Amino acid sequence: MEKLRFRFEGGNAAPAATPARIVGVVASGNLEVLIEALPGDAACTIEVDTAALGFGAIWQAVMNDFFARHPLGGVRIAINDAGATPAIVSLRLDQAVEEFTRPRESHHG
Amino acid sequence: MNARMAPPREWNRRAQGRLRRLERAATRLGPQLSGKLVDAAAIVPLLEEVIEAGDRVCLEGNNQKQADLLARALTAVDPARIHDLHMVQSVLALPEHLDVFERGIASRLDFSFSGPQAARLAKLAGSGRIAIGAIHTYLELFGRYFIDLTPNVALVAAQAADRAGNLYTGPNTEDTPVIAEATAFASGLVVAQVNEIVPHLPRIDIPADWVGFVVRSPTPHYIEPLFTRDPAKISEIQVLMAMMAIKGIYAPYEVDRLNHGIGFDTAAIELLLPTYAEALGLRGRICRHWALNPHPTLIPAIEAGFVESVHSFGSELGMEDYIRARPDVFFTGPDGSMRSNRAFCQTAGLYACDMFIGSTLQIDLAGNSSTATQGRIAGFGGAPNMGSDARGRRHATAPWLAAGREAQRDAATMPRGRKLVVQMVETFREHMEPAFVERLDAWALAEAAGMVLPPVMIYGDDVTHVLTEEGIANLLLCRDDAEREQAIRGVAGYTPVGLARDRRAVARLRERGVIRRAEDLGIDKRDATRDLLAARSIKDLVRASGGLYQPPKRFRNW
């Protein structure tokens with residue numbers, strides 16, 4: 001198990017009251033992403049628990065692109081990757097942020 | 001000059017050879033031969049009498065039905081008598097298809113596809129036990145049956161025969177008509193194994209006077225359910241890619257006549273027709289006419305009224321009753337069962353379809369696509385015929401003209417259409433193997449196996465779109481090779497090829513619509529969930545069929 005940490009400064013602060021969101025289903029072979037507001041810190045921090053070693057450079061590129069798409073601040077994102085590919089990680093992150101910033105009435109799990 | 005007269009030439013040597021073989025068989029088999037009916041216990045002696053050393057032999061190996069009894073019998077003939085056979089068959093599916101080479105019965109091979117035997121074939125070719133003439137597309141090999149690879153003997157499979165020797169193939173007609181015709185009309189001999197001999201056939205697929213011998217197999221011929229994909233295994237990335245395919249390609253080009261490759265990527269598209277495509281108002285505008293095996297995953301779209309017609313290369317196990325109950329959609333005989341035909345369906349896919357979309361294993365910077373990997377000689381299957389622009393096509397349709405307009409470099413060149421050829425692939429395969437590479441494994445395979453050319457499944461100049469989870473690259477709009485390379489890099493995700501993109505060039509291509517991302521297509525990624533699939537399990541497919549679809553046991557998990 002490898003734990004990777006990424007930190008991005010200069011994003012737009014999320015409203016402090018935004019409720020946390022979990023996207024994905026634990027233990028379903030499906031990547032799980034938790035996103036929550038962290039008012040004490042202006043940065044966007046991302047923690048990844050991954051079973052696949054040696055893909056740090058790819059993860060860095062995935063996260064750089066993610067922050068370029070969604071420059072968030074004051075949030076903590078935790079990813080439990082279950083051996084997921086960058087494709088599913090990016091999709092889950094985008095889904096989580098959409099749900100976090102623009103929640104809709106009924107969302108698919 | 002020599003004034004001596006040459007002896008008069010005989011013009012019927014092949015017919016004489018046929019008679020010689022028939023007489024030998026009658027003598028050796030005696031009472032084990034009754035008319036055309038051969039006792040199953042006498043099948044090896046029969047083959048020893050009708051086949052001669054050096055013959056070209058077609059051992060019917062299809063995608064679905066297999067002449068397995070005859071394959072086993074051929075491995076048991078005496079190699080001292082029967083040797084150096086030249087096997088000409090579309091598919092190498094059974095171990096026996098290669099055993100004949102190991103046992104010194106056959107030495108030369110011309111074929112199309114060897115999926116399940118690919119690794120062993122590579123070994124045998126590497127050790128010199130098999131001389132491979134060429135790896136063909138199906139139509140190419142069938143064409144050569146009538147030019148320079150005509151079989152002397154064909155060993156085929158059918159569902160049933162009558163006592164006269166007429167054959168009923170059942171829904172898996174597949175290659176049988178083309179093999180039987182090429183063989184029978186060149187004074188060759190057709191030997192058929194059948195599951196049963198009945199007084200009256202439901203219909204006649206092969207007439208008796210094309211057939212030399214019929215043997216009833218003690219066990220029914222093997223059929224492989226090759227085209228069944230369990231919806232439970234479709235991922236959300238595949239759902240996202242299917243959404244992009246429908247909204248970014250099917251809708252704008254109004255793709256109405258098409259072929260889908262085999263796999264979960266295209267199964268996802270089939271299962272999104274009644275949900276996502278329906279919500280986009282596309283029913284009646286796309287996907288009405290298909291060249292396709294009866295994919296179980298197409299059932300919900302058929303039931304939703306998307307599909308008007310399906311012509312098939314072969315059938316699919318478990319779909320028989322459903323097909324029988326939907327004769328307006330499928331090609332069926334007066335008896336009610338389907339008649340497939342690989343040669344005609346390949347022709348339909350090549351000339352009468354406006355799009356091919358399928359998966360692959362590797363794509364290079366020019367868009368060349370290959371399923372060849374080191375140590376496996378897998379061949380091609382149907383993709384190269386489906387996935388190539390038909391240069392001989394002349395009839396115009398809206399999607400064909402639209403693609404042609406995009407490809408036209410300037411107003412002065414002669415206008416013509418283009419087939420849409422879409423390669424759909426996740427940027428990383430399992431075990432983080434990148435699908436995009438600088439150099440295809442096909443090059444190394446060609447070197448190792450002594451092939452004349454790297455085995456490319458679809459050439460880059462035939463590919464019009466590359467679709468990944470990152471976006472769609474429209475190669476028709478690329479003005480030069482450099483743009484094409486950046487368009488491919490621009491959808492190659494986090495693979496080394498994708499990471500090495502020129503970001504500014506990719507941004508410009510995106511501005512011009514050469515590259516389109518899900519967000520450019522107005523797709524909300526939150527919709528990319530399995531809830532969008534019209535069926536999420538095999539059981540859902542059975543339910544959608546009203547209980548008519550009967551999945552093979554291995555797909556039943558309830």
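How many bridges join strand β11 (residues 257–260) of chain B to β14(B), and do they run parallel or antiparallel? Keep that question in mind while you open this predicted model, and select the two strands together: three bridges join β11(B) to β14(B), and the two run parallel.

**The strand β14 and its partners**

Stay with β14(B), which covers residues 355–358, and show its side chains. M355(B) and I357(B) point to one side, F356(B) and G358(B) lie on the other, and these four residues are all buried, so that both faces of the strand are covered. To see how β14(B) meets the strand you have just selected, pick L258(B), which stands opposite M355(B). Then select strand β17 (residues 420–424) of chain B, which is joined to β14(B) by four bridges and runs parallel to it; here I357(B) stands opposite V422(B).

**The whole sheet**

Now widen the selection to the sheet to which these strands belong. This is an open sheet of eight strands with mixed pairing, and in chain B the order is β13-β12-β11-β14-β17-β18-β19-β20. Which strands are at the edges? They are β13 (309–311) and β20 (515–516) of chain B, each of which pairs on one side only. At the β13(B) edge, select strand β12 (residues 289–291) of chain B as well: three bridges join β12(B) to β13(B), and the two run parallel. One place to look is H289(B), whose bridge partner in β13(B) is S309(B).

**Chain B as a whole**

Next, zoom out and show chain B in full, where 19 helices and 20 strands can be found. Along its principal axes, the C-alpha trace of the chain spans about 75 × 65 × 45 Å. A compact globule of 558 residues would have a radius of gyration near 24 Å, and chain B, with 25 Å, agrees with this. If you colour the chain by burial, the buried residues make up 54% of the 558. Among the contacts in chain B with a separation of 6 or more, 74% are between residues that are 24 or more positions apart.

**Two domains**

Colour domain 1 (18–216) and domain 2 (231–542) of chain B separately, following the domain assignment. The centres of the two domains, taken over C-alpha atoms, are separated by 34 Å. Where they touch, 30 residues come from domain 1 of chain B and 31 residues from domain 2 of chain B. On the domain 1 side, select β5 (106–113), α5 (118–126), α6 (138–145) and α7 (176–184) of chain B, each of which supplies at least two residues to the contact with domain 2; α5(B) gives the most, with six residues. The residues on this side of domain 1 divide into 15 nonpolar, eleven polar and four charged.

**The nonpolar core**

The largest nonpolar core holds 193 residues, and those that touch the most other members are L74(B), L155(B), V156(B), A158(B), A192(B), A245(B) and L272(B). Helix α8 (residues 236–253) of chain B supplies the largest share of this core, twelve residues, and at least three residues are drawn from each of domain 1 and domain 2 of chain B. Centre the view on A245(B): leaving aside its neighbours within four places in sequence, A245(B) is in contact with Y250(B), I269(B), I357(B), M424(B) and L467(B). You have already met one of these residues, I357(B), on the strand β14(B).

**A residue in a loop**

For a contrast in setting, select V198(B), which lies in the loop between β9 (189–197) and β10 (213–216) of chain B. Because V198(B) has 14 C-beta neighbours inside 10 Å, this residue counts as partly exposed. Beyond its neighbours within four places in sequence, V198(B) is in contact with A160(B) and D162(B).

**Chain A and where the chains meet**

Finally, show chain A, which has two helices and seven strands, arranged from the N terminus on as β-β-β-β-β-α-β-β-α. Buried residues make up 34% of its 109 residues. Which elements meet chain A can be explored from the contact between the chains, which takes 16 residues from chain B and 16 residues from chain A. On the side of chain B, the largest share, three residues, comes from α8(B), and the residues of that side divide into seven nonpolar, three polar and six charged.

Note on methods. Residues numbered from 1 in each chain as written. Chains lettered and ligands numbered in written order. Predicted model: local features only at pLDDT ≥ 70, side-chain atom pairs only at ≥ 80, totals over all residues. Rg over C-alpha atoms; globule rule 2.2 N^0.38 Å. Buried ≥ 20, exposed ≤ 12 C-beta atoms within 10 Å, placed from the backbone. Contact = placed C-beta atoms within 7 Å. Core = buried A, V, L, I, M, F, W, Y, C linked by C-beta atoms within 7 Å. Domains from an automatic or database assignment. Nonpolar A, V, L, I, M, F, W, Y, C, P; charged D, E, K, R; others polar. Pairing = 2+ DSSP bridges.
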